Amino acid sequence: MDFDLTDEQRMLSDSIRRLVADAYDDFEQRKTYRAEPRGYDEANWQKFAEMGLLGLPFAEEDGGFGGGPVETMLVCEQFGRGLVVEPYLATVVLGGGLLKRAGSAEQRAALIPAIAEGSLTLAFAHQERQARHDLFDVATSATRDGDGYVLNGAKGVVLHGDSADRLIVSARTAGGRRDRDGISLFLLDPTTPGVTRRGYATQDGLRAAEVVMENVSVPAEALLGPEGAALPLIEQVVDEAQAAICAEALGAMDVLRDLTVDYLKQRSQFGQPIGNFQALQHRAADMLVATEQARSMAMYAAMMVQEADPTARRVALSAAKALVAKNADQLGKDAIQLHGGIAVTDEYKAGHYFKRLTMLAGLFGDVDHHLRIVVAAGGLPEAA
Amino acid sequence: MDLRYTPDEIAFRDELRKFFRSEIPISIRRKVSEGRALAREDYVTSQRILHAKGLATPNWPVQWGGQDWTPVQRYIYVEELQAAAVPQPLGFNVNMVGPVIATFGSEAQKQRFLPSTANLDIWWAQGFSEPGAGSDLASLKTTARREGDEFIINGQKTWTTLGQYADWIFCLVRTDSSVKKQAGISFILIDMKTPGITLRPIITIDGGHEVNEVFFDEVRVPAENLVGELNKGWDYAKFLLSNERIGIARIGMTKERLARVKRLARETLAGEGTVWDDPDFRRRLAWSEIELKALEITQMRVVAAQRGKASDKPDPSSSILKIKGSEIQQASTQLLVDVAGPYAMPRPDRDEEGLNLPSVGPDWADAAAPLFFNYRKVSIYGGSNEIQRNIIAKAFLGL
């Protein structure tokens with residue numbers, strides 16, 4: 001049992017922290033990034049590339065740095081602290097996670113170096129309106145047509161799908177809408193005829209898109225991984241994304257708690273700092289308890305995402321997500337309440353942290369969804 | 001970062017697990033598992049088996065029977081002990097007075113008390129709380145007046161857990177009332193057979209006799225029974241209370257109880273199936289399990305952070321363990337009541353040891369509600385959860 005980071009991991013965490021502080025400490029900067037054409041700052045993205053963050057989880061022979069879930073946790077925790085708007089989850093964690101596992105040598109060689117150097121972004125076009133949180137629910141179809149496939153269907157709330165240079169699309173090559181078998185992945189250039197994208201801002205200041213595919217022809221080489229057997233891989237990569245989300249939420253929770261506690265010390269009413277009042281002190285104490293429990297579960301997520309048994313992995317990640325989401329929600333609401341009116345203004349930071357936490361809590365399944373998974377499994381997996 | 005145990009730690013765990021389950025009588029472990037009152041002999045038997053193997057006082061200095069374990073090993077020990085439903089070695093002896101005597105006592109006190117304290121030849125009670133000194137412990141009023149070679153004790157202690165079995169009691173007493181309240185307190189050892197001591201049972205809402213009041217009327221105590229320096233008792237008390245960091249959350253015990261809740265829920269008929277088939281029940285159970293997993297890791301983080309550090313300072317993270325640990329313990333006992341359903345109601349008679357006679361309904365069910373009632377104490381004792389929040393606000397958050 002060992003909770004220490006290696007020297008390399010500590011250095012990584014420190015340098016991302018400095019980078020995020022430089023780019024985001026002045027909260028007005030975030031507004032300007034959001035107003036840029038792609039909805040984030042390309043200069044920041046280049047800095048991430050220079051630091052090696054964009055190639056982090058890829059194998060060294062593919063042009064990456066061979067980082068694992070702990071490294072991803074460290075990155076995302078710092079991004080959570082700064083409410084970073086760049087498409088790291090979409091490109092590196094989701095897209096990159098699928099690509100590095102399912103991609104052929106040619107596909108990896110064509111894309112990973114470009115991702116690592118910051119010249120190519122990805123988005124995972126999987127969510128469909130009727131599916132809600134069920135990863136196996138895919139209606140989009142891919143039918144064989146000569147050597148290639150024709151894609152038809154609609155994907156929703158595709159994170160950073162408006163700016164992504166390549167989409168990874170899930171589509172059925174066999175089976176019915178809610179079958180576990182028959183789902184395949186395709187690499188899609190969004191400029192292909194028949195693809196329409198409608199981009200928009202999300203409530204937390206990031207970007208997403210609705211993607212419609214009408215008779216979109218793709219070549220056989222667009223198939224990513226084995227035909228009809230993508231679901232286990234999708235589940236694994238979404239679990240990795242959940243671990244990253246837990247870490248990102250944790251970083252945001254830490255900052256929002258500190259912001260709240262600082263405010264309690266500064267804001268004076270009835271002739272004294274409101275932090276002198278025990279009713280507020282106890283709620284602030286509960287915020288700390290909530291954060292530490294979330295930190296433990298973010299670590300649990302980073303550990304269990306490496307678990308070989310997919311059922312145990314899934315249940316553990318659902319447990320982690322359920323707790324982090326519940327605590328993030330409670331902490332966010334308490335932060336607003338303890339601040340009072342200032343926290344519901346757009347110009348003050350707290351509300352933006354609250355909004356991001358709310359969206360992270362619901363991403364890839366809300367508390368109820370993940371609790372159902374734990375309940376259906378009869379409880380948590382036994383630890384090794 | 002690796003949350004898994006090393007092979008050495010697993011071997012250590014397995015050895016303890018085997019020992020606890022094969023050497024401690026199942027009759028005793030069953031009472032612990034079901035949350036029933038133990039007889040004095042049960043504690044003594046269990047602790048002596050542990051002590052013979054060096055497992056009663058691992059946290060003591062090695063020369064007095066302690067073990068040179070890493071924090072992780074100590075943690076594994078506590079977890080396995082609780083998970084096997086072994087009665088914890090008497091806390092008053094091994095976590096409280098023993099370490100205080102070993103650290104601050106005279107050589108004569110060490111020789112006289114430590115071996116018999118470890119073996120439970122002497123049963124200690126704790127004399128801290130008073131009717132007017134609960135969360136505000138330092139306002140205690142029991143006095144010790146020096147007369148020649150003796151202290152004369154007058155006053156009252158309360159919430160004296162298992163005081164009915166005690167041979168000795170360690171007390172905080174006021175030896176100077178002219179100074180700041182914390183600065184006039186001393187730590188003294190008193191033989192319960194001394195004339196002038198009266199013990200009165202307090203029966204709690206679960207019907208049990210677990211706690212007592214102890215009255216001191218002109219009780220004459222040899223001056224040599226003072227521990228450490230006069231008027232330094234508050235420091236020793238803080239040392240003592242900070243000593244119970246590992247195990248305060250009782251994670252192993254709650255794990256064992258939740259496993260039992262699951263087992264009983266699967267056995268207990270409800271309509272066309274069992275209690276286990278009720279999704280609302282399962283959701284609440286799942287939350288307890290999830291919170292417990294998070295707390296287990298929080299506790300491991302605290303343990304890991306202790307490595308190589310002196311641990312005589314109160315650590316605010318123990319407040320987190322206390323708050324969440326007590327909440328989950330209480331929730332687990334409530335789940336048990338829910339599984340028992342209608343058979344949580346019967347309250348069969350008890351014998352003079354406080355043990356239940358054969359049950360009405362399932363043989364475990366009559367113990368469920370008393371345990372739930374009894375466990376209201378865990379968010380009150382050891383510094384109430386509200387005091388813990390005060391500590392967090394002050395020590396962590398600087399409020």
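## Exercises on a predicted two-chain model

Leaving aside neighbours within four places in sequence, B:Val72 is in contact with A:Met1, B:Glu9 and B:Val303. The model is predicted. The exercises start from this residue and work outward.

### Exercise 1. Place B:Val72

Task: find the element that holds B:Val72, and decide whether the residue is buried or exposed.

Solution.
- Step 1. Locate the residue. B:Val72 sits in helix H4 of chain B.
- Step 2. Count neighbours. Within 10 Å there are 21 other C-beta atoms.
- Step 3. Apply the cut-off. A residue is buried if 20 or more other C-beta atoms lie within 10 Å of its own. B:Val72 is therefore buried.
- Step 4. Look along the chain. B:Met300 is 228 residues away from B:Val72 in sequence, yet their C-alpha atoms are separated by 7.8 Å.

### Exercise 2. Domain 1 against domain 3 in chain B

Task: describe how domain 1 of chain B meets domain 3 of chain B, and name the element that gives the most to the domain 1 side.

Solution.
- Step 1. Set the bounds. Chain B is divided into domain 1 (7-89), domain 2 (124-231) and domain 3 (245-396).
- Step 2. Take the spacing. The C-alpha centres of domain 1 and domain 3 of chain B are 19 Å apart.
- Step 3. Count the contact. Domain 1 of chain B contributes 18 residues, and domain 3 of chain B contributes 20 residues.
- Step 4. Assign elements. On the domain 1 side, helix H2 (26-34) and helix H4 (71-83) of chain B are the elements that give two or more residues. H4(B) gives the most, with 10 residues.
- Step 5. Sort by class. This side of domain 1 has nine nonpolar, four polar and five charged residues.

### Exercise 3. The contact between the chains

Task: count the residues that each chain puts into the contact, and find which helix supplies the largest share on the chain B side.

Solution.
- Step 1. Count both sides. Chain B gives 34 residues and chain A gives 32 residues.
- Step 2. List the elements. On the chain B side, helix H9 (279-306), helix H10 (317-340) and helix H12 (385-396) each supply at least two residues.
- Step 3. Rank them. H9(B) has the largest share, 15 residues.
- Step 4. Sort by class. The side of chain B that touches chain A has 19 nonpolar, two polar and 13 charged residues.

### Exercise 4. Overall form of chain B

Task: decide why chain B counts as compact.

Solution.
- Step 1. Take stock of the elements. Chain B has 12 helices and 10 strands.
- Step 2. Compare the radius. The radius of gyration of chain B is 22 Å, close to the 21 Å that the globule rule gives for 399 residues, so chain B is as compact as a globular protein of that length.
- Step 3. Add the extents. Along its principal axes the C-alpha trace of chain B spans about 75 × 50 × 50 Å.
- Step 4. Check burial. Of the 399 residues in chain B, 45% are buried.
- Step 5. Check contact range. Among contacts in chain B with a separation of 6 or more, 72% join residues 24 or more positions apart.

### Exercise 5. Domains and annotations in chain A

Task: set out the domains of chain A, then describe the chain over each of two annotated ranges.

Solution.
- Step 1. Set the bounds. Chain A is divided into domain 1 (7-120), domain 2 (124-224) and domain 3 (231-376).
- Step 2. Take one pair. The C-alpha centres of domain 2 and domain 3 of chain A lie 30 Å apart. Each of these domains puts 11 residues into their contact. The domain 2 side divides into three nonpolar, six polar and two charged residues.
- Step 3. Read the N-terminal annotation. An unreviewed UniProt entry annotates residues 6-118 of chain A as "domain: Acyl-CoA dehydrogenase/oxidase N-terminal". Over this range the chain is 68% helix and 0% strand, with end C-alpha atoms 26 Å apart.
- Step 4. Read the C-terminal annotation. In the unreviewed UniProt entry, "domain: Acyl-CoA dehydrogenase/oxidase C-terminal" covers residues 237-376 of chain A. Here the chain is 79% helix and 3% strand, and the end C-alpha atoms are 21 Å apart.

### Exercise 6. Two positive phi angles

Task: place A:Arg132 and A:His160, then assign burial to each.

Solution.
- Step 1. Note the angles. A:Arg132 has a positive phi of about 55 degrees although it is not a glycine. For A:His160, also not a glycine, the positive phi is about 55 degrees.
- Step 2. Place them. A:Arg132 lies in the loop between strand S1 (122-125) and strand S2 (141-145) of chain A. A:His160 lies in the loop between strand S3 (148-159) and strand S4 (166-172) of chain A.
- Step 3. Assign burial. A:Arg132 has 11 C-beta neighbours inside 10 Å, so it counts as exposed. A:His160 has 28 C-beta neighbours inside 10 Å, so it counts as buried.

Technical notes:
Residues numbered from 1 in each chain as written. Chains lettered and ligands numbered in written order. Predicted model: local features only at pLDDT ≥ 70, side-chain atom pairs only at ≥ 80, totals over all residues. Domains from an automatic or database assignment. Contact = placed C-beta atoms within 7 Å. Helix = DSSP H or I, 4+ residues; strand = E, 2+ residues; numbered from the N terminus. Nonpolar A, V, L, I, M, F, W, Y, C, P; charged D, E, K, R; others polar. UniProt positions renumbered as here; feature names shortened; annotations may be inferred. Buried ≥ 20, exposed ≤ 12 C-beta atoms within 10 Å, placed from the backbone. Rg over C-alpha atoms; globule rule 2.2 N^0.38 Å.
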